[in-house]
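Reader: Could you walk me through how the labels on this model are earned? I would like each one set against its cut-off.

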Amino acid sequence: MRYFLIADNMDTQTGFRLAGIEGVVVHKAQEVEEALSTAMNTPDIGVILLSEGLVPLCQSQVDDIKLRMHTPLLVEIPDRHGTHRAPDSITQYVRQAIGVKI
């Protein structure tokens, strides 16, 4: 199993490339959706790393992958400017996934 990066800037891609992780740089919603579909249909990709800045462009697809798919694992990563997540984002994710308020 290998990692695959979907990033919104060249700096992120270059850093991960130095670590041996291949990926693509995209900017538009259609490009993100195509990259996700390609990565999801590649059998040896076990983890997809997705820049947080791209998530709003394909939120429904990301949610569907996270909630319904076992592999590959989809991980949102912060970009060079830091995280865009709300302070209680993990709590919200758990609440959405299992329907229990914690």
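**Labels and their cut-offs**

Author: Happily, beginning with one residue: Arg-68 is exposed, with a relative accessible area of 62%. Please keep in mind that this is a predicted model, where local features need pLDDT of at least 70 and side-chain atom pairs count only at pLDDT 80 or more, while totals for chains, interfaces and linings use all residues. Residues are numbered from 1 along each chain as its sequence is written, and side-chain values use heavy atoms, with hydrogens and water left out.

Reader: Why is Arg-68 called exposed?

Author: Exposed means over 50% relative accessible area, buried means under 20%, and partly exposed lies in between (1.4 Å probe, protein chains only). Arg-68 has 62%, so the label exposed applies.

Reader: And what makes Asp-64 partly exposed?

Author: Its relative accessibility is 36%, which falls between the two limits, so Asp-64 is partly exposed.

Reader: How do you know that Asp-64 and Arg-68 form a salt bridge?

Author: The term asks for a side-chain nitrogen of Lys or Arg within 4 Å of a carboxyl oxygen of Asp or Glu. The closest N and O atoms of Asp-64 and Arg-68 are 2.5 Å apart, so the pair qualifies. Both residues lie in helix H3 (residues 59-68), 4 residues apart, about one turn of the helix. Helices (H or I, at least four residues) and strands (E, at least two) are DSSP runs, numbered from the N terminus.

Reader: How many salt bridges does the structure hold?

Author: There are 3. In another of them, Lys-66 and Glu-76 meet at 2.4 Å, N to O. That pair links distant parts of the chain, with Lys-66 in helix H3 and Glu-76 in strand S4 (residues 73-77), 10 residues apart.

Reader: Why is Glu-76 called buried?

Author: Its relative accessible area is 16%, below the limit for buried, so the label holds. Lys-66, at 23%, counts as partly exposed.

Reader: What ties Asp-44 to Arg-2?

Author: A salt bridge, with the closest N and O atoms 2.9 Å apart. Asp-44 lies in the loop between helix H2 (29-40) and strand S3 (45-51) and Arg-2 in strand S1 (residues 2-7), so the pair ties together parts that are 42 residues apart in sequence.

Reader: What makes a group of residues a nonpolar core?

Author: Its members are buried Ala, Val, Leu, Ile, Met, Phe, Trp, Tyr and Cys residues joined through side-chain atoms within 4.5 Å. The largest such core has 17 residues, and those with the most contacts inside it include Ile-6, Val-32 and Leu-36. H2 gives the most to this core, with 5 residues.
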